[in-house]
Structure formats: structure tokens, C-alpha cells
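Grab a pencil and open your viewer. Here are a few exercises to work through, each with a solution to check yourself against.

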Amino acid sequence: MLDIQHVDKSFGQEGPPVLDDFSLAVAEGEFVSLIGPSGCGKTTLLRIVAGLLTATSGTVAVAGVPSLGPSRDKAVVFQHFNLFPWRTALANAAYGLEIQGMSRAEREERAMQWLVKLGLERYAHHYPGEISGGMRQRVGIARALVIEPKLLLMDEPFGALDALTREHLQGELQRIAESTSLTILFVTHSIDEAVYLSDRVIVMGTHPGRIIREFQVDLRRPRYDYNFRAEPQYAAIRGEIWSLLERELAITPDEPLVDATAGGVDTRS
Ligand SMILES: Nc1ncnc2c1ncn2[C@@H]1O[C@H](COP(=O)(O)OP(=O)(O)O)[C@@H](O)[C@H]1O
Ligand SMILES: [Mg+2]
């Protein structure tokens, strides 16, 4: 479903390489997470895949078609919601269908179906300023899914939420992923979140951003039905990823693993 081949990226002619020879193939229905220190190029890679940014060299194809700009195949969910404050939850969720030119009645019906699935029925006519951060992010997810994308790109979508809301939404995302054939590329700073959600976890290093290793997660699904953290495979993968990241952080101690922009405004997204 997604084929990234030898992507390099630098900003400007003299800029240092941000991504170096990044290649990754993701199968239909697969859930793949990218984890790595701040500044290793995760957001840059997601924006290239989304068609919002051009690679310096290399190619990206989605469902066999070169990804040269935004398209209906791909939807993005960012950390900071990016909802329109002057639109209700329903009008925000329906936005992608509105720009496709769908009639109001039809787009609101489809958007409502997703709001219901995400437990937001009662808040459909509320504005973003009137609902919690967790609800705002559900609206962001509804807005992405309503266009029925083949590929869902998520950039630290739960990074600005409190721990309980985050766990709850991780479970919901897993249910959604199971009930559709969605292919998901998910960026996170949390090893636990990556292992819980993913079929495969890609660990990235920094300066330049590149893949250091990948892990296949074979824990049985659904994972919200049992204590997956008690499984030996969970502890083993978690430990290995942590030691890889610790080594990366030792090389670049000024780059914190915890996102310093959480709660603030990330102008790059
Ligand atoms: N628009 C831009 N112009 C110049 N440099 C950028 C731009 N966007 C990102 N960068 C640089 O690229 C590197 C990777 O950034 P980013 O993709 O946001 O990393 P991550 O999401 O992994 O934290 C950083 O060094 C960042 O400063
Ligand atoms: Mg980022």
C-alpha cells in the first residue's frame, strides 16, 4: 500500500541531510510505527508521504501511484488537532467531504456516522473550544476517516493528551484498525504505545534521520483484551528498543525523547 524508496531530504541547498536513504514498504492493513528522538525527521517523512513536502530525491507510492501531492487516498492526523475553531465538531469532521463537493446532507450524515463510532454523538454541535482535548482529537480522527482513505498518517496524535485519555484512544484506534483494512503509519515517542498498536516498529536514529532497526510485534490481537505487558515478547522488544534509543540519545543528548513541544504550538505541523 505504501512504498517509500531511497528518500533523501535536506532543507535548502546547504542544509544538512534530514533524511538519508529512507526506504520502507507497508502492506495493506498493516500498522507500522516510527519511533526515534526528536529531530530525526519523523514529521518530515510523514509530510513527504502525505504529499505536503517534496523529497530531495527518492520516490513515494501509495497503492502503486506516485504520491506527488495531497490526495483522497491519504489522510493525516496531527498532534495539535488543527480543527477550525469556528466550525462545530460535525462541520470539522465533514470538512474533507465538503472540499470534495459533496452535498451538505450527505456529508453531514457520513461525518455523523464517524462521530457516533468515536462516541461523540452528543458533541456534534459543539465547537472545539467547548470540548476536551481527547474529544478534539477524536474529531480530528473522524475528519481523517470520513474521506475513507487507504492510508492513515498519524503524527504523535495522542502526544498532547493525558495518560488515561491516551490509553483509551489507543484502544479505540485498535478497534478501528481491526474493523477496516486501513493501512496506518504512526509516529510516536512512546515505546509502549508503539508496541501496543503495531505490527511492526521502525526505530530511527538521528543526524541524519535513518532506520536503525525494525521489530516485528507478534503479540496476539486484539491487545486490549489481555495484559499484553505481561508477555515475555513485550518486555523483550521494549527493552531492545529502549537500549537503541538510549544510545541515540547519548549521541545527541540535547534532543529530548519527550516532545518538548507537547502542549505548545508546533509550527512545523
Ligand atoms: N521547514 C523546515 N526548514 C528547515 N528545517 C526543518 C524544517 N522542518 C524540519 N526541519 C529540520 O529537520 C529536522 C527533522 O525535523 P522533524 O521532521 O520535525 O523531526 P521529528 O518529527 O522527528 O522531531 C530537524 O532538525 C528540523 O529542525
Ligand atoms: Mg515531529
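The exercises below go from the whole chain down to single residues.

**Exercise 1. Overall build**

Work out how compact the protein is for its length, and say how far you'd trust the model.

*Solution.*
- Step 1: Keep in mind that this is a predicted model. The average pLDDT is 91, and 93% of the residues score at least 70.
- Step 2: Find the weak stretch. Over residues 258-269 pLDDT stays under 50, and the model has 19 contacts there beyond four places in sequence.
- Step 3: Take stock of the secondary structure, which comes to eight helices and 10 strands.
- Step 4: Compare radii. The radius of gyration is 18 Å, close to the 18 Å that the globule rule gives for 269 residues, so the protein is as compact as a globular protein of that length.
- Step 5: Add the dimensions and the burial. The C-alpha trace spans about 55 × 50 × 35 Å along its principal axes, and 41% of the 269 residues count as buried.
- Step 6: Look at the contacts with a separation of 6 or more: 70% of them come from residues 24 or more positions apart.

**Exercise 2. Two domains**

Describe how domain 1 and domain 2 are split, and what the touching side of domain 1 is made of.

*Solution.*
- Step 1: Get the bounds. The domain assignment gives domain 1 as 1-67 + 153-159 + 180-262, and domain 2 as 74-148.
- Step 2: Take the centres over C-alpha atoms; 26 Å separate them.
- Step 3: Count who touches whom. In domain 1, 10 residues are in contact with seven residues of domain 2.
- Step 4: Ask which element gives the largest share on the domain 1 side. That's strand β7 (residues 151-155), with three residues.
- Step 5: Sort that side by type, and you get six nonpolar, two polar and two charged residues.

**Exercise 3. Helix α1 and ligand 1**

Is helix α1 buried or exposed, and what share does α1 have in the shell around ligand 1?

*Solution.*
- Step 1: Check the helix residue by residue. K42, T43, T44, L45, L46, R47, I48, V49 and A50 are buried.
- Step 2: Draw the conclusion. Nine of the nine residues in α1 (residues 42-50) are buried, so the helix is largely enclosed by the rest of the structure.
- Step 3: See what comes right after: G51 has a positive phi of about 85 degrees.
- Step 4: Turn to ligand 1. It has 10 residues around it, the closest being F11, V18, K42, T43 and T44.
- Step 5: Assign the shell to elements. Helix α1 supplies the largest share, three residues.
- Step 6: Sort the shell by type: three nonpolar, five polar and two charged.

**Exercise 4. L90 against E130**

Decide for L90 and E130 whether each is buried or exposed, using cut-offs of 20 or more C-beta atoms within 10 Å for buried and 12 or fewer for exposed.

*Solution.*
- Step 1: Place the residues. L90 sits in helix α2 (residues 89-93), while E130 is in the loop between α4 (104-117) and α5 (133-145).
- Step 2: Count for L90. There are 21 other C-beta atoms within 10 Å, so L90 is buried.
- Step 3: List what L90 touches, leaving out residues up to four places away in sequence: E108, A111, M112, L115, A124 and H125.
- Step 4: Pick A124 from that list. L90 and A124 are 34 residues apart in sequence, yet 4.9 Å apart in space, C-alpha to C-alpha.
- Step 5: Count for E130. With 12 other C-beta atoms within 10 Å, E130 is exposed.
- Step 6: Finish with a distance for E130. Its C-alpha is 9.8 Å from that of A89, with the two positions 41 residues apart in sequence numbering.

Technical notes: Residues are numbered from 1 along each chain as its sequence is written. Chains are lettered from A and ligands numbered from 1 in the order in which they are written. This is a predicted model: local features need pLDDT of at least 70, side-chain atom pairs count only at pLDDT 80 or more; totals for chains, interfaces and linings use all residues. Helices (H or I, at least four residues) and strands (E, at least two) are DSSP runs, numbered from the N terminus. A residue is near a molecule or strand if its C-beta atom, placed from the backbone, lies within 6 Å of it. Ala, Val, Leu, Ile, Met, Phe, Trp, Tyr, Cys and Pro count as nonpolar, Asp, Glu, Lys and Arg as charged, and the others, Gly among them, as polar. The radius of gyration is taken over C-alpha atoms; the globule rule is 2.2 Å times the number of residues to the power 0.38. Two residues are in contact if their C-beta atoms, placed from the backbone, lie within 7 Å. pLDDT is the predictor's confidence in each residue, from 0 to 100. Domain bounds come from an automatic or database domain assignment.
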